Amino acid sequence: MIKKFDKKDEESGSGSNPFQHLEKSAVLQEARIFNETPINPRRCLHILTKIIYLLNQGEHFGTTEATEAFFAMTRLFQSNDQTLRRMCYLTIKEMANISEDVIIVTSSLTKDMTGKEDVYRGPAIRALCRITDTTMLQAIERYMKQAIVDKVPSVSSSALVSSLHMVKMSFDVVKRWVNEAQEAASSDNIMVQYHALGLLYHLRKNDRLAVTKMLNKFTKSGLKSPFAYCMMIRIASKLLEETEGGHDSPLFDFIESCLRNKHEMVVYEAASAIVHMPNCTARELAPAVSVLQLFCSSPKAALRYAAVRTLNKVAMKHPSAVTACNLDLENLITDSNRSIATLAITTLLKTGSESSVDRLMKQISSFVSEISDEFKVVVVQAISALCQKYPRKHSVMMNFLSNMLRDDGGFEYKRAIVDCIISIIEENPESKETGLAHLCEFIEDCEHTVLATKILHLLGKEGPRTPTPSKYIRFIFNRVVLESEAVRAAAVSALAKFGAQNDDLLPSVLVLMKRCMMDSDDEVRDRATFYMNVLQQKQKALNAAYIFNGLSVSVPGLEKSLHQYTLEPSEKPFDMKTVPLATAPITEQKTEITPVATSKLPEKLAPSRQDIYQEQLAAIPEFQGLGLLFKSSEPVQLTEAETEYVVRCIKHTFANHMIFQFDCTNTLNDQLLQRVLLLTGESSDILGSCALSQRVSVVFADGLKYVLLSDIKSLSLSCHLHNPYLHGLKTFCCDCYRASCCQGSKGLGLKVMLAYAPSGADGKQQ
Amino acid sequence: MTAQSCPRQHCATTMDSAALEPSLYTVKAVFILDNDGNRLLSKYYDPELYPSMKEQKNFEKNVFNKTHKADHEIAFLEGMTIVYKSSIDLFFYVVGSAQENELMLMAVLNCLFESLSQMLRKNVEKRTLLDNMDGVFLVVDEIIDGGVILESDPQQVIEKVNYRADDNPLSEQSVAQHITEKLARTSNVLQSAKEQIKWSILK
């Protein structure tokens with residue numbers, strides 16, 4: 001009988017946690033009894049448990065002591081106690097990385113793996129595979145193959161799963177066991193089926209034909225395992241996505257049929273797969289949605305959560321498909337699980353009508369304080385989308401958002417709200433005053449400098465245009481008095497904008513500026529002095545140039561130009577005109593609303609593409625003396641996307657030179673692209689006049705090929721690329737677009753011919 | 001109260017993404033906490049997920065703070081789906097990626113809970129758990145291997161582990177062990193006495 005918790009023990013015994021005051025050195029000392037004979041299984045078991053517990057708690061074991069303990073543990077193989085042996089296997093796995101020479105147990109494990117005791121065989125296999133390296137793997141290959149097709153399910157499962165873990169280490173060896181895995185897949189045991197299918201897929205996933213065949217076989221023969229079904233659904237949807245198969249293919253029918261499977265897990269997997277498929281029509285979605293609707297009223301929270309999360313995704317692309325579920329979703333708003341409630345509300349917000357907005361907003365405000373930050377951001381984003389959909393409801397939204405702004409919350413959350421308010425202000429001029437008022441109230445007590453400066457910048461931009469700009473000045477000036485340096489500096493800039501735009505406010509602004517000139521921070525003082533002087537001139541042109549319009553050049557480009565300037569001593573002053581204009585930075589488009597894990601990483605300024613190219617080219621010694629990059633073109637595809645290799649060309653224009661950058665990418669995984677040659681030659685049928693420039697040099701760097709052309713007037717260029725591995729001759733002809741070049745050259749046309757022929761010679765990649 | 005967000009970028013694992021890459025690796029972590037949020041057992045199967053002990057304990061603390069007050073079964077935290085269950089003074093958690101099939105994770109959690117429940121004769125509470133910690137380690141090892149679901153039927157797990165929970169719990173080892181040893185010695189004595197008598201008769 002298991003010992004029940006005895007009140008007496010608590011008072012007198014070792015406390016409620018026998019592991020509480022474990023000391024590593026004491027336990028390792030105790031482990032010396034492993035060497036005694038006869039072995040006392042109970043005591044040894046307890047000590048092993050303590051060791052594993054310590055490891056699990058994060059106790060650090062030095063290599064020497066770990067190895068000692070490990071070697072001592074190997075003595076315990078002499079005992080026949082089952083639990084002790086199992087714990088030994090566990091210890092081997094836990095200590096495999098911290099002890100040396102763990103492979104000494106290989107022979108014992110191999111013996112157990114092929115022995116008579118079935119209860120040892122599975123765990124022994126798993127322990128053995130944990131310590132095996134590539135050299136040993138060949139030695140045990142025979143045993144592994146036998147184990148995979150063993151009739152005992154636990155042995156087969158253990159072998160299959162261990163084989164999967166070893167795929168990373170030695171794909172080629174494990175691939176030889178594919179026949180055995182195939183045989184195991186026809187087992188009756190539901191877990192063996194699942195593991196076999198998984199291993200087969202991992203081994204074959206690069207071979208689309210093999211995967212298709214495998215799927216066809218299993219969908220026809222039918223499997224019993226719900227896990228295997230889920231796996232097959234995922235494989236099928238991946239195949240559909242890769243082949244861009246139409247939805248009348250048998251794969252889609254299979255997934256659809258899984259909606260009627262008797263296991264909820266499979267039904268849900270199928271519904272989820274259908275929902276995620278691109279280009280799904282409403283008719284195809286309907287059965288999936290109705291299944292999800294049923295799940296919404298399930299007593300199991302996990303099922304409700306899964307259903308509402310998936311419906312939320314449907315609502316993004318097909319809001320009309322979800323309307324049928326609105327009633328069920330409304331019931332979920334009061335669900336005790338807040339995650340479910342939030343998802344339900346945001347789904348309704350996407351699909352609800354304008355009249356329901358008020359009611360929904362009221363319901364959200366009641367519980368928004370209880371949900372986690374990730375979900376709060378989701379709610380704000382949903383509201384943002386809603387504002388765009390129903391602009392007339394902006395006052396309700398604005399109220400709600402300002403309340404949320406007053407509550408506690410992290411930086412991501414507050415930022416999402418501020419962004420939402422700003423977007424409402426920008427879209428709805430009527431909401432501007434209320435919006436700005438809410439934001440002013442927010443910056444009175446805002447701990448996030450980034451947000452405060454953003455809002456101050458906005459106030460500077462929008463405030464002067466409002467009917468009563470003076471009321472904002474108080475808020476802004478308070479920032480100058482109370483806040484940190486960055487905020488004060490931003491406040492000064494904002495004030496300047498007011499002064500520049502409103503003549504009647506100018507005297508007051510000048511007075512305030514004077515006070516700012518006495519600030520303790522030099523940035524604030526500099527700005528105040530600068531703006532004072534500009535404003536005192538009272539000239540519109542000056543105001544426009546220095547107060548309203550910011551830098552029109554890209555900041556990294558400016559930095560680079562300044563650096564260049566400092567390197568070359570020159571009498572001439574620095575010329576802003578040499579700095580390339582700012583191009584739009586690369587930003588990731590988050591078009592879909594998702595809960596994002598709140599992250600504390602600071603936002604980095606996204607450099608533009610041009611700046612990246614500038615840096616890359618500057619790193620190459622041959623291109624040092626060319627000056628500044630004027631413009632880079634977009635990459636142009638010179639080959640079709642499905643060919644064995646893909647070539648793109650980017651043109652970089654300098655003052656007197658042009659660089660053509662060719663990116664060659666090999667699309668085949670198991671072919672090595674060797675001997676890529678770039679030949680330039682003359683082609684006579686473009687533009688009539690073709691004079692290939694004398695100064696052509698080809699530079700190879702980092703797998704990219706650059707062709708540098710100097711002093712170009714007009715030219716045409718043809719390039720041949722040879723790939724010795726491909727048979728037959730094909731010619732691809734693509735015309736590059738004719739871009740207008742920098743000063744000095746006329747229209748440029750580029751014709752690229754790609755030809756490849758078989759070649760026996762081996763060569764290094766150039 | 002804002003949860004301390006994990007310092008590593010998990011923005012890639014947002015809730016919404018393309019179809020999940022087919023893989024047997026479904027479980028990212030499993031852990032058992034007591035009702036103060038202290039770790040009793042935990043295993044992390046994804047090497048990229050919280051590789052250091054500090055990050056792991058931080059994660060467990062955050063998860064505990066968000067879930068111990070109300071037993072809601074499922075939560076979404078730090079970019080991952082977490083299913084959980086509590087019993088008297090213990091909390092059981094199974095963690096998967098945001099796009100994972102929640103019902104699969106629930107199957108794992110249920111298997112874990114049912115297996116332990118059977119093994120501990122329905123006394124799923126901290127003291128009993130710790131007294132049979134070796135069995136608990138073995139049960140977890142039989143259910144998940146390296147992030148792959150190895151077994152989902154609690155009955156099968158119990159059979160494979162074959163753990164006799166009537167063993168002497170750790171805290172009582174000295175007393176019971178003493179008795180066992182005494183008994184063993186007595187039986188040895190009896191055995192040798194029997195042998196001697198047998199031989200003396202045969203002679």
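**Close-ups of a predicted model: strand E1 of chain B and an overview of chain A**

**View 1. Strand E1 of chain B is mostly covered.** This is a predicted model, and we start with a short stretch of chain B, residues 29-34. Of the 6 residues in E1(B), 6 are buried. Look at one side and you'll find B:Ala29, B:Phe31 and B:Leu33; flip to the other and there are B:Val30, B:Ile32 and B:Asp34, with both faces covered. In a regular strand, side chains take turns pointing to one face of the sheet and then the other.

**View 2. E1(B) and E2(B) make a hairpin.** Strand E2 of chain B covers residues 39-44 and runs antiparallel to E1(B), with 5 bridges joining the two. Want a pair to spot? Try B:Val30, whose bridge partner in E2(B) is B:Lys43. Between the two strands sit 4 residues, and in that turn B:Gly37 has a positive phi of about 85°.

**View 3. E1(B) also pairs with strand E5 of chain B.** Here the partner is residues 90-97, again in the antiparallel sense, over 6 bridges. At B:Asp34, the residue standing opposite in E5(B) is B:Leu90.

**View 4. Stepping over to chain A, with its 34 helices and 10 strands.** Chain A has 766 residues, and 52% of them are buried. Take its contacts between residues at least 6 apart in sequence: 63% of these join residues at least 24 apart. As for the outside, chain A exposes about 37000 Å², with carbon and sulfur atoms supplying 51% of that area.

Key: Residues are numbered from 1 along each chain as its sequence is written. Chains are lettered from A and ligands numbered from 1 in the order in which they are written. This is a predicted model: local features need pLDDT of at least 70, side-chain atom pairs count only at pLDDT 80 or more; totals for chains, interfaces and linings use all residues. Side-chain values use heavy atoms; hydrogens and water are left out. Buried means under 20% relative accessible area, exposed over 50%, partly exposed in between (1.4 Å probe, protein chains only). Contact means heavy atoms within 4.5 Å. Accessible areas come from the Shrake-Rupley method with a 1.4 Å probe; for residues, only the protein chains shown count as cover. Two strands pair if DSSP finds at least two bridges between them.
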